Amino acid sequence: MLKIENLHVNVGGKDILKGITLDVKAGEVHAVMGPNGSGKSTLSNVIAGHDGYEVTSGSVIYKGRNLLEMSPEERAWEGIFLAFQYPVEIPGVNNTYLLKAGLNAKRKHLGLDELDAIDFMQIVKEKADLVQLDHSFLSRAVNEGFSGGEKKRNEIFQMAVLEPSLALLDETDSGLDIDALRIVAGGVNKLRSPDRAVVLITHYQRLLNYIEPDVVHVLADGQILKSGDKALALELEERGYDWVLEETSV
Amino acid sequence: MNHAAELTARLQAQLPTIQNELPGSHESWVRVMRKRALDSFFKHGIPTTRNEAWKYTDVRKYVDRLGAFAVEKPASEISVEALSSFYFGELDCHRIVIVDGRVSSELSSLRSLPAGVRIESMARILVEEAYLLEPYLHDQHLSGSFAELNAAVMHDGIYIDIPDGVVVEKPIHLLFLSHKRDEDSSHIRNLIVAGEYSQATVIEHFGSLGGSRALINVATDVELHAGARLEHYKLQQSDINEVNIGSVRVHQHRDSYYHSHSVAFGAALSRRDIHVEMNGEGAECLLNGLYLVGGRQHVDHHTRIDHVRPDCRSRESYKGIIDGRARAVFNGKVVVHTGADKTDSAQSNANLLLSDRAEIDTKPDLEIHADDVKCAHGATVGQLDMNQLFYLRSRGLTVEEARNVLMFAFADEVLAKIKLPEVRRYLERVAFEKLPGATALEGMLV
């Protein structure tokens, strides 16, 4: 589904990603773990199409197409979804309006009819219940005045409505209490299917207790230093990141 | 002799005669007021950019229109249907229609009014009951050349008087329409007197039936007695070739409440002066404003709030979106007088510039002569927020849609403060149509 090869990314004159290679197949859940400042968020922003990042070399192929040539909205239509680490507040823009506009743009791109208002509201309410998001949030401005946990839950709610093929979750677990974490994980697990993939970007192993990854990668200093199965995550939890850095710097 | 001087000379020859034919001239105080106002006008002359208050707003191109007055009765071929595009959906209101500066009783429709409430043609009051106006209309009330000229040659407008304790439930919609296509001027005078603990909503609404090139010079006096509450709207949707100049002077007594919503969408040149004097303790004032201009439009807002007495609260927020080669001016002054302790005032002006050639000159201005006050002010000029744009695009909105959504949201923060949902929706729709390429965003209006 997603094939990243030798990706180098520069931000403001500084190399942040220094040769990332990653192969995510449909049906898989990958966890990308690493210390702060390792380039995790850069990776997710580049995949989603943020234009503040300069790709200096390497390639990203998504569903057989050159992802780097696609606009952020085209990526969204083709099924990429980024749950932001810091969801932006957008005063004056209604949450439901945003979802309806996004979903219908996607359906139009795929050659499907736009949903009528009743069908759309049906889906929205169902998905809000899935992540236990109070319906009052539907008519509020996007993320405005939401608590940290509510913003994260709203991201997962949006993901549930938009039903992406490839979901990128950028530290969605940070700042969540255990109950919220369970709800968020439940939303992600509901989305899992043989034709979808999930990339979890996280600092802690905690989330992986609820969403079991197929592959775990350690990202540090702009490179993937080590990959393994879920046992690697447990080992990181126990021993921290330093041993990986030492092991690979030899 | 330069252009303005030539025009002034022409007016000097013409106006003293015209003055004698204007309504109210049988009353000596009216004659005296008009005469003094005219003398001041000639003394000050038509403002130029050398005048500090008109530094960024050049009216020279349009002053010729002052040489002709829209004095004759307007043609009456306007149908009620033609007016309906200026109605606020199903909102039930008292409606007075003023065509080319003259009240049209045929087009107006007053619902039954609470006892004692008067909504009348200013021309009629000047002729028949001018004594009612004497306590309120003075030539010094409004400052500036256009206001002086207004006092000198005003011919019609609306007089509203609400007795003590009376609540006018239905909004009063004053619809000022331009119908003729002449390059002339009309000088409209309105007076709103709100008695103690009375309440009303007055909507001054300016529009064109197409092709007008008029200069509209409107002045409104507002007297709010103790505890009175007024929601006052100024909606300017003038024709793109029109000039709309207006001033509002508000006197607030104790515990009164004045909320102003000033929206400027149209006109080649539009200028609004609002001056609020908070003369009684515990008064509250809100000045809420929105301007959307493009092409070669010019819009200028000058506001002044005087905190004269203690314990008053003022809030002011103006926002603007400026596109093309348009230019906007904002000058907001707050003066806290000696002894006006416990003043609580906040003012802001935020602008979005959509093109490299658009321009904003903004000047928030604070003058404090009292201790123990809480005052804040600030101005911002910017482009759209890149992170918000990316967020919307990552959810599937095209870059154009995302831009339009953010522009609309920016403007809608002002409209969201409007208490009448029908008026808010009407203005949202008009704002929408003003924004570049916003047609696909219907859903946002829900």
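Start with strand β13 of chain B: select residues 284–293. Of its 10 residues, 8 are buried, so the rest of the structure largely encloses this strand. Buried here means 20 or more other C-beta atoms within 10 Å of the residue's own. Keep in mind that this is a predicted model.

Next, add strand β11 of chain B, residues 257–264. β11(B) runs parallel to β13(B), and 8 bridges join the pair. To see the register, pick H259(B): the residue opposite, in β13(B), is L286(B).

Now select strand β15 of chain B, residues 313–322. This strand also pairs with β13(B) in the parallel sense, over 10 bridges. Which residue of β15(B) stands opposite E284(B)? Pick R313(B).

Zoom out to the domains. Colour residues 3–280 of chain B as domain 1 and 385–446 as domain 2. Their centres, taken over C-alpha atoms, are 32 Å apart. Where the two touch, domain 1 of chain B contributes 13 residues and domain 2 of chain B contributes 10.

Stay on the domain 1 side of that contact. Show β7 (199–208), β9 (229–237) and β11 of chain B; each supplies at least two residues to the side that touches domain 2 of chain B. β11(B) is the strand you selected earlier as a partner of β13(B). Which strand gives the largest share of this side? Select β9(B), with 3 residues.

Finish by colouring the domain 1 side of the contact in chain B by residue class. You should find 7 nonpolar, 4 polar and 2 charged residues.

Note on methods. Residues are numbered from 1 along each chain as its sequence is written. Chains are lettered from A and ligands numbered from 1 in the order in which they are written. This is a predicted model: local features need pLDDT of at least 70, side-chain atom pairs count only at pLDDT 80 or more; totals for chains, interfaces and linings use all residues. A residue is buried if 20 or more other C-beta atoms lie within 10 Å of its own, exposed if 12 or fewer, and partly exposed in between; C-beta atoms are placed from the backbone. Helices (H or I, at least four residues) and strands (E, at least two) are DSSP runs, numbered from the N terminus. Two strands pair if DSSP finds at least two bridges between them. Domain bounds come from an automatic or database domain assignment. Two residues are in contact if their C-beta atoms, placed from the backbone, lie within 7 Å. Ala, Val, Leu, Ile, Met, Phe, Trp, Tyr, Cys and Pro count as nonpolar, Asp, Glu, Lys and Arg as charged, and the others, Gly among them, as polar.
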